[in-house]
Amino acid sequence: MLAFNDLADFPHAEIGSLLKLAARLEREPEPRALEGKVLSLLFLNPSLRTLASFQAAMVRLGGGSFVISPEMSIHGLESRSGIVMDGVAAEHIREAVPVIASYGDAIGIRAFAERLNLDDDLADRRFAELAALADKPTINMESAINHPCQSLADWKTMDELAIPSTGGRFVLSWAYHPKALPLAVPAATVHMAAMRGMDVVVLRPPGFELPDAVMDKARAAAEASGGRVSETEDRREAMEGAHVIYAKSWSSTRHYTDRLADQALREELTGWCVDEPWFDNAREDCRFMHCLPVRRGVVVADRILDGPRSVVIREAQNRMLVQMAVLYRMLKG
Amino acid sequence: MLAFNDLADFPHAEIGSLLKLAARLEREPEPRALEGKVLSLLFLNPSLRTLASFQAAMVRLGGGSFVISPEMSIHGLESRSGIVMDGVAAEHIREAVPVIASYGDAIGIRAFAERLNLDDDLADRRFAELAALADKPTINMESAINHPCQSLADWKTMDELAIPSTGGRFVLSWAYHPKALPLAVPAATVHMAAMRGMDVVVLRPPGFELPDAVMDKARAAAEASGGRVSETEDRREAMEGAHVIYAKSWSSTRHYTDRLADQALREELTGWCVDEPWFDNAREDCRFMHCLPVRRGVVVADRILDGPRSVVIREAQNRMLVQMAVLYRMLKG
Amino acid sequence: MLAFNDLADFPHAEIGSLLKLAARLEREPEPRALEGKVLSLLFLNPSLRTLASFQAAMVRLGGGSFVISPEMSIHGLESRSGIVMDGVAAEHIREAVPVIASYGDAIGIRAFAERLNLDDDLADRRFAELAALADKPTINMESAINHPCQSLADWKTMDELAIPSTGGRFVLSWAYHPKALPLAVPAATVHMAAMRGMDVVVLRPPGFELPDAVMDKARAAAEASGGRVSETEDRREAMEGAHVIYAKSWSSTRHYTDRLADQALREELTGWCVDEPWFDNAREDCRFMHCLPVRRGVVVADRILDGPRSVVIREAQNRMLVQMAVLYRMLKG
């Protein structure tokens, strides 16, 4: 495996095979599988789960990793082309990334959206530029528009809970959050659920529609898998018979680069906090999913997060397990 | 071993067995004992020795670890119940701790006193709350009122130096420090020395008495071990025939939550800097112990720290060795 | 090997043997060679390549490492003697360094010049003081006046490119940079190239002469190896028939502790940015070297860095490989 940058790069069967491998490695540990192997971890944005789970995954397979992150004094990394570097940044990604990649056998890269331009972010230009500078296999640890490790963990979580793929109803719901968050998780999630063959509904208030490029990619995946993708702002309609609600806040795509307009719009939407009444017409065992971190009392009520519907901890635990499978496939001779 | 949170949880013989194991692992390394095993390290407060020694310990046993610490941008961790998280903190300990714990086979947790309320700190409520959220074996890497890894290292240090347990005189002395420091080390230390069966004297100025709960716990340990615990503000009386003086600064327990009152009291006490005259009526080979970091010229004079009495480096070195024994006992199948 | 602090400590043949070992370990990995071994990494200054490459090197040999760095809250480290520590720093290097060293089997130390006094920096007093506190083998990860790991990597890079030792012309050129940078890399580099037996020319504007101590050490190495060392401010003269130009900015040694005077001097020198015209009378295949990080458009033009002359990525990659050889020689029983 030369890259794990996007679930869409893999046929459906390959996803199944990765999930089987993850289960096998949990059942039958292989603590020497990757001895002497190194994973480079480059974080241009903060992390908790990704940081911890990738390091743990490498140790469990007998290898190791190192972390380069923005909290370290790495002089600042410049990324513009043709620039005269007489300011603060003392190093350019054109040197930093190939070097960091060269010390490992694979490299994980986290680079959130720059939010200067929606088209650039939808095309994932920043991540693509960084990945192209590494001549080692790359793993997308969350980019402007993708988060395949989270999606693979979520897929595994639904399999374990026996949530049906064909016929399973998956609601991706916008939720309130005081900040305008990136599109990576909603974009990856709607595609993943569609690729899994589910009946996917995107529930969001006006102004928070997912971009056409995101919806089109999900619809193409649904077509191939026998799934379905629709969108609505009507909560009752969306939740009807739902097996899962996956909550996530994201930016207004109508005001993507205009924080003030986004703010004005979202301030009216504090009622979008998932709580028990949302589940009125869902299936009785309807699950609550979220990629974490989650703001209690803002995105979701405590009683949901602490109750039997919530599978958020399991999703996070599965991050390590699916990443072990990806690393094993990528690095085991 | 399901937890290493408090020396008091272990019978005397089990401490001896851990110390024997530490010595054996130093003599006969087992660099594959914990292959594929992961230790999660959660630091809610800064660290040097603990951070380094736990990471080194895991490597020496063939496993590995990862660190989550407050210096990283982990969004800030909220710990209050029922809170609406619309402020800075983007994640709650109720999600963060179970997830971090799930990536490891055991979890070390450091969480100093919050100093909002002496009773809460004496009951170690913050640490207990964090530990309860992890469904893996826990290690106390210093809590509001305990520091069992330091105590076990100190015990080993005294054994190596052939400082008698029965009949050995151990003076825990308050020392000056510009800041009001936590009670964890003095509380753990007085208990450890009492449990070791020593003749323990707590030497402290008025206003810096250790809380009843701390003294009672130490006295109970002394009773079981044949030791003795007393307290005084008279230096000559305390040091009479002493084998060891263990210096440490701590907060005024009379003004535990009132920094200004504490400050006013301690400002008069800059003379509590351990120096050669303190040893006048101690045993000639009386040792100087301290958990580090230590402020030279403030807590203790250079000539003591650099002279033959000091065993502070050895105490710190023993941190890694005893932690290897704890980890081995906890994680080796 | 008890220390790797200075290339000058090793006979020429030993350098050759280390480079052979580096090549062998790349060709035939030994992922269990250092199992259970720990490298302590103490960074008193920032790092990217060194931080990453040492961690990766230990994993590739089956061991591990831990990092203590200034970005962590390590309370601040005091280094003055006889000081009363009632300020910010809560720990002295006299305790911190022996403890950190004790957790590892070797210790890497990075400590840049303090720039209080040129003689102290030329004598590398700060590094020597730190290294003397560790009773484990030490590795110089860049000190006030040395950077032997970089030099060894550069030597390997030139060997791989078949750049002649005897008769190879090596130009170490000052370059513009907005800040007054340390002397470590130029000092180490001129010595390394001289020790390799090359015809070394130091090209620098008036005011940026390398100190006599640096030039004398290089000349002594040249004498032993059959090389030659000269200096000039005439670019054409320097570049005549050059095999390599190694660019690096450094402080004015005429104004070493006077930043304003240095600034005034260097402001006139923005033309010292390596570009294609510099190579007019060099060998056609003349290479461009730099230790990184490098400021594009300031120290060197993009077209050089992105063109076929540049070997800067290879130099950085070789850091890990030569450090593996050093660690292997130092730690393998």
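Is T157(B) buried or exposed? I began my notebook with this residue, keeping in mind that I am working from a predicted model.

**Entry 1: T157(B) and its surroundings**

I first located T157(B) in helix α6 of chain B, which covers residues 148-160. Counting around T157(B), I found 23 other C-beta atoms within 10 Å, and since a residue with 20 or more such atoms is called buried, I wrote T157(B) down as buried.

I then asked which residues T157(B) touches once its neighbours within four places in sequence are left aside. The contacts I noted are V311(B), R314(B), E315(B) and N318(B). For one of these partners, V311(B), I also looked up the separation: T157(B) and V311(B) lie 154 residues apart in sequence, yet their C-alpha atoms are 8.0 Å apart in space.

**Entry 2: helix α12 of chain A**

Next I turned to chain A and followed helix α12, which runs over residues 312-331 and so has 20 residues. From its first C-alpha to its last, α12(A) reaches 29 Å, which I noted as close to the 28 Å expected at 1.5 Å a residue. What interrupts the line of α12(A) is a kink of about 25 degrees, and I found its centre at N318(A). I also checked burial along α12(A): 17 of its 20 residues are buried, so this helix is largely enclosed by the rest of the structure.

**Entry 3: how the copies are related**

I then compared the chains as whole bodies. Chain A superposes on chain B after a rotation of 120 degrees, with 0.0 Å of shift along the axis and an RMSD of 0.0 Å. The two copies are therefore related as by a three-fold rotation axis. I repeated the comparison for chain C, which can be laid on chain B by a turn of 120 degrees and a shift of 0.0 Å along the axis, again with an RMSD of 0.0 Å.

**Entry 4: where chain C meets chain B**

How many residues of chain C are in contact with chain B? I recorded 28 residues of chain C, which are in contact with 29 residues of chain B. On the chain C side, β3 (64-68), β5 (91-92) and α3 (93-102) each supply at least two residues, and α3(C) gives the most, with six residues. By class, I listed this side of chain C as 14 nonpolar, nine polar and five charged residues.

Finally, I asked why the copies can be said to meet through different surfaces. Only 7% of the interface residues of chain C are also interface residues in chain B, so the surfaces through which these copies meet are different.

Key: Residues are numbered from 1 along each chain as its sequence is written. Chains are lettered from A and ligands numbered from 1 in the order in which they are written. This is a predicted model: local features need pLDDT of at least 70, side-chain atom pairs count only at pLDDT 80 or more; totals for chains, interfaces and linings use all residues. Copies are superposed by least squares on the C-alpha atoms of residues with pLDDT of at least 70 in both. Two residues are in contact if their C-beta atoms, placed from the backbone, lie within 7 Å. Helices (H or I, at least four residues) and strands (E, at least two) are DSSP runs, numbered from the N terminus. Ala, Val, Leu, Ile, Met, Phe, Trp, Tyr, Cys and Pro count as nonpolar, Asp, Glu, Lys and Arg as charged, and the others, Gly among them, as polar. A residue is buried if 20 or more other C-beta atoms lie within 10 Å of its own, exposed if 12 or fewer, and partly exposed in between; C-beta atoms are placed from the backbone. The expected span of a helix is 1.5 Å times one less than its number of residues. The bend at a residue is the angle between axes fitted to the seven residues ending there and the seven starting there.
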